[in-house]
Amino acid sequence: MGEIATELRQLQQSFDAFDEAVTARLRLNRTDLRCLDVVLASGPVAAGGLSLALKLSPAAVTTVIDRLERAGMVARSPDPDNRRRVLVAATDAARAAEAEIFVPVGQAGARALQEYEPDQLAVILDFLRTARRVQEEQAARVRAMD
């Protein structure tokens, strides 16, 4: 178990190092990058949806959207179904950054996973879901400490 824990810690550190490299490349901060990731994955999204996804206040999300808009990564547009709501969408610059930075990561991961048999992939998927659940539970535990 100790070796697994060590590898998990190093995996988390590698994710952090990648995020730091990306934020430096895109001249964003980590919160902005998290927001951009949600927008890229979800398509046009309302600020309220971003607030829930990022677990940030509406005011904080507005500030993040403002920064991303100034960086040319997102654009606001009226929601065609609700004129009082604004949607946030990725720009062509954000899609270009996604293609340059994130698509190769997915491709490399897919190539690496080809080395595994279907039953091994099922165990990996189960482990990843379990690890995510544990992390989410622990994040909730720490937030509740106040």
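Of the 146 residues in this protein, 21% count as buried. Keep in mind that what you're looking at is a predicted model. The protein exposes about 10400 Å², and carbon and sulfur atoms supply 56% of that area.

As for the overall layout, the C-alpha trace spans about 50 × 40 × 30 Å along its principal axes. The protein has six helices and three strands, and from the N terminus on they run α-α-β-α-α-β-β-α-α. If you take the contacts between residues at least 6 apart in sequence, 43% of them join residues at least 24 apart.

**Inside: leucine 36**

For a look at the interior, try leucine 36, which sits in helix 2 (residues 30–42). Its relative accessible area is just 1%, under the 20% cut-off, so leucine 36 counts as buried. What does leucine 36 touch, once its neighbours within four places in sequence are left aside? Its contacts are Leu26, Leu28, Leu68, Met73, Val74 and Ala94. Glycine 72 makes a handy ruler here: leucine 36 and glycine 72 are 36 residues apart in sequence, and their C-alpha atoms are 11 Å apart in space.

**Outside: a nonpolar patch**

Now to the surface. Met1, Ile4, Leu8, Leu11, Phe15, Phe127 and Leu128 make a nonpolar patch of about 720 Å². Which helices each supply at least two residues of this patch? They are helix 1 (2–26) and helix 6 (118–143). Helix 1 gives the largest share, four residues. Phenylalanine 15, one of the patch residues, lies in helix 1. With a relative accessible area of 46%, between the 20% and 50% cut-offs, phenylalanine 15 counts as partly exposed because it fits neither the buried nor the exposed class.

**Charges and salt bridges**

On the charge side, the protein has 19 positive and 21 negative side chains, and the centres of the two sets lie 8 Å apart. The salt bridge count comes to eleven. Here are some of them, with the N to O distance and the relative accessible area of each partner.

| Arginine | Glutamate | N to O distance |
|---|---|---|
| Arg76 (31%) | Glu69 (33%) | 2.5 Å |
| Arg95 (35%) | Glu98 (22%) | 3.0 Å |
| Arg133 (43%) | Glu137 (43%) | 3.3 Å |

Start with arginine 76 and glutamate 69, whose side chains meet at 2.5 Å. Arginine 76 is partly exposed, and glutamate 69 counts as partly exposed too.

Where do glutamate 98 and arginine 95 lie? Both are in helix 5 (residues 92–113), three residues apart, which is about one turn of the helix. Glutamate 98, at 22% relative accessibility, counts as partly exposed and not buried because the cut-off for buried is under 20%. Arginine 95 is partly exposed as well, at 35%.

The last pair in the table belongs to helix 6, where arginine 133 and glutamate 137 are four residues apart, again about one turn of the helix. Arginine 133 counts as partly exposed, and so does glutamate 137. Elsewhere, Asp16, Asp19, Glu20 and Arg30 are joined into one network by salt bridges that share partners.

Notes: Residues numbered from 1 in each chain as written. Predicted model: local features only at pLDDT ≥ 70, side-chain atom pairs only at ≥ 80, totals over all residues. Heavy atoms only, no water. Buried < 20%, exposed > 50% of the residue type's maximum accessible area, 1.4 Å probe, protein only. Contact = heavy atoms within 4.5 Å. Areas by Shrake-Rupley, 256 points an atom, 1.4 Å probe, with all protein chains shown as cover. Lys, Arg positive; Asp, Glu negative; His and termini not counted. Charge placed at Lys NZ, Arg CZ, Asp CG, Glu CD. Patch = residues over 30% accessible without salt bridge, like charges linked within 9 Å, V, L, I, M, F, W, Y side chains within 5 Å. Salt bridge = Lys/Arg side-chain N within 4 Å of Asp/Glu carboxyl O.
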